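Student: I am new to this structure and would be grateful for a close look at a single part of it. Please choose one residue, describe its surroundings with care, and then place it within the rest of the chain.

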Amino acid sequence: MENLKPKRPAPPDHVVTCVYCGQAYPENTPTHGADVAVLTEHIKVCPKHPMRQCQEENVQLRRALEAAYNALVGYRYGNSSPDLAEEVCEFILKTGLVKSGLGK
Ligand SMILES: [Zn+2]
């Protein structure tokens with residue numbers, strides 16, 4: 001009786017793909033645990049991973065912070081130019097990461 005059961009096809013190999021770009025990882029790549037270096041390395045370079053936006057925003061925020069810092073240093077040493085303040089504010093607003101609270 002056992003021999004009459006239809007044979008099931010072998011289950012497909014465990015293929016993991018990147019949910020953002022679709023890249024297939026090597027067969028049987030673990031998805032959790034201590035050995036996820038392959039996944040981690042791809043996340044670092046995947047062009048469609050949300051981390052790319054975070055990294056770009058981080059770069060823009062660092063530049064804006066640097067501009068604000070430099071302006072403050074200028075004020076510290078006596079440069080009280082409203083033009084400098086305006087220039088830095090415009091630079092920061094151009095990042096799109098900060099909204100103006102001054103009605104602009
Ligand atoms: Zn990817």
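Tutor: Leaving aside neighbours within four places in sequence, alanine 68 is in contact with Val88 and Ile92. The model in which these contacts appear is a predicted one. Alanine 68 belongs to helix α2. This residue has 15 other C-beta atoms within 10 Å, and it is therefore classed as partly exposed, since a buried residue would need 20 or more and an exposed one would have 12 or fewer. Leucine 84 offers a further point of reference: 16 residues separate it from alanine 68 in sequence, and their C-alpha atoms are 9.8 Å apart in space.

The surroundings of alanine 68 are best understood through the pair of helices that meet there. Helix α2 covers residues 51–76 and helix α3 covers residues 82–94; they pack at an angle of about 170°, and their axes are 9 Å apart. An angle over 145 degrees counts as roughly antiparallel, and α2 and α3 are therefore described as roughly antiparallel to each other. On the side of α2, the contact is made by Ala64, Ala67, Ala68, Ala71 and Gly74. On the side of α3, the residues that take part are Leu84, Ala85, Val88, Phe91 and Ile92. Sorted by class, the contact of α2 with α3 holds 9 nonpolar residues, 1 polar residue and no charged residues. The two partners of alanine 68 named at the outset, Val88 and Ile92, are thus to be found in the list for α3.

Each of the two helices may also be considered by itself. At 1.5 Å a residue, the 26 residues of α2 should span 38 Å, and the C-alpha atoms at its ends are 36 Å apart, which agrees. Despite its contact with α3, α2 is hardly covered, for the count of buried residues among its 26 residues is 0. Helix α3, with 13 residues, reaches 18 Å from its first C-alpha to its last, close to the 18 Å expected at 1.5 Å a residue. A glycine with positive phi comes just after each helix: glycine 78 after α2, with a phi of about 100°, and glycine 96 after α3, with a phi of about 75°.

Glycine 96 leads back to α2 by way of glutamate 57, a residue of that helix. Glutamate 57 and glycine 96 are 39 residues apart along the chain, and their C-alpha atoms are separated by 9.3 Å. Glutamate 57 has 13 C-beta neighbours inside 10 Å and so counts as partly exposed.

The region that precedes α2 can be approached through isoleucine 43, which is placed in helix α1. Not counting residues up to four places away in sequence, isoleucine 43 touches His49 and Met51. Isoleucine 43 is partly exposed, because 14 C-beta neighbours lie inside 10 Å. Its C-alpha atom is separated by 9.4 Å from that of tyrosine 20, which is 23 residues away along the chain.

Further back, threonine 29 is found in the segment before α1. Beyond its neighbours within four places in sequence, threonine 29 is in contact with Val16, Val38 and Leu39. It is partly exposed, with 17 other C-beta atoms within 10 Å. Threonine 29 and valine 15 are 14 residues apart in sequence, and 7.3 Å lies between their C-alpha atoms. Asparagine 28 lies in that segment before α1 (37–45) as well, and it is exposed, with 9 other C-beta atoms within 10 Å. Its phi is near 65°, a positive value in a residue other than glycine. Most residues other than glycine have a negative phi.

The whole chain supplies the setting for these details. The protein chain contains 3 helices and 0 strands, and from the N terminus on its elements run α-α-α. Of its 104 residues, 1% count as buried. Among contacts between residues at least 6 apart in sequence, 40% join residues at least 24 apart. As to the confidence of the prediction, the chain averages a pLDDT of 86, and 85% of the residues score at least 70. Among the elements, α1 has the highest mean pLDDT, 94, and α3 the lowest, 88.

Conventions: Residues numbered from 1 in each chain as written. Predicted model: local features only at pLDDT ≥ 70, side-chain atom pairs only at ≥ 80, totals over all residues. Axes fitted to C-alpha atoms, helices over the stretch in contact; angles between N-to-C directions. Helix = DSSP H or I, 4+ residues; strand = E, 2+ residues; numbered from the N terminus. Parallel < 35°, antiparallel > 145°, perpendicular 65-115°, else oblique. Contact = placed C-beta atoms within 7 Å. Nonpolar A, V, L, I, M, F, W, Y, C, P; charged D, E, K, R; others polar. Expected span 1.5 Å × (residues − 1). pLDDT = per-residue confidence, 0-100.
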